[in-house]
Amino acid sequence: MATEKTLEVLRDVAAAIGDANAQLPTAKELVTLLREANEDTTEVQGLVTEIEARIRQWTRIIERAGLTVGTAPPPDTE
């Protein structure tokens with residue numbers, strides 16, 4: 001069982017994951033635009049893939065602690 005201090009940190013992580021999840025569609029769209037401009041997307045795509053994996057891993061840890069990942073509002077679409 002996690003201590004209250006640990007749960008507090010996990011709540012902060014859950015909020016950060018919610019923010020990251022909200023920003024992923026924008027990141028993927030930018031990778032697509034880079035590809036269309038014939039730019040090398042190897043490094044950027046690798047970062048996006050790594051972030052997605054970390055989100056999945058931390059989500060499992062947070063849910064195991066009985067918490068949920070918050071959802072942030074989607075980024076502004078202008």
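1. A crossing of two helices is called left-handed if the near helix is turned anticlockwise from the far one by less than a right angle. That is handy to know here, since H1 passes H2 in just such a left-handed crossing. Please keep in mind that this is a predicted model.

2. How are H1 and H2 oriented to each other? Their axes lie 10 Å apart and the helices pack at an angle of about 155 degrees. Angles over 145 degrees count as roughly antiparallel, so H1 and H2 are roughly antiparallel to each other.

3. Now for the residues that make this contact. H1 contributes, among them, Leu10, Ala14, Ile17, Leu24 and Val31, while H2 brings residues including Val48, Ile55, Trp58 and Ile62. Sorted by class, the contact has 16 nonpolar, three polar and three charged residues.

4. Do look at the largest nonpolar core, which has 11 residues: Leu7, Leu10, Ala14, Ile17, Leu24, Val31, Val48, Ile55, Ile62, Leu67 and Val69. Helix H1 (4-36) and helix H2 (42-64) each supply at least two of them, and the largest share, six residues, comes from H1.

5. Ala14 is a good residue to click on. Leaving aside its neighbours within four places in sequence, Ala14 is in contact with Ile62, Thr68, Val69 and Gly70. Of these partners, Ile62 and Val69 belong to the largest nonpolar core, as does Ala14.

6. Finally, is Thr41, in the loop between H1 and H2, buried or exposed? Its relative accessible area is 10%, and under 20% counts as buried, so Thr41 is buried. Not counting residues up to four places away in sequence, Thr41 touches Val31, Leu34 and Arg35.

Key:
Residues numbered from 1 in each chain as written. Predicted model: local features only at pLDDT ≥ 70, side-chain atom pairs only at ≥ 80, totals over all residues. Heavy atoms only, no water. Core = buried A, V, L, I, M, F, W, Y, C linked by side-chain atoms within 4.5 Å. Buried < 20%, exposed > 50% of the residue type's maximum accessible area, 1.4 Å probe, protein only. Helix = DSSP H or I, 4+ residues; strand = E, 2+ residues; numbered from the N terminus. Contact = heavy atoms within 4.5 Å. Axes fitted to C-alpha atoms, helices over the stretch in contact; angles between N-to-C directions. Parallel < 35°, antiparallel > 145°, perpendicular 65-115°, else oblique. Nonpolar A, V, L, I, M, F, W, Y, C, P; charged D, E, K, R; others polar.
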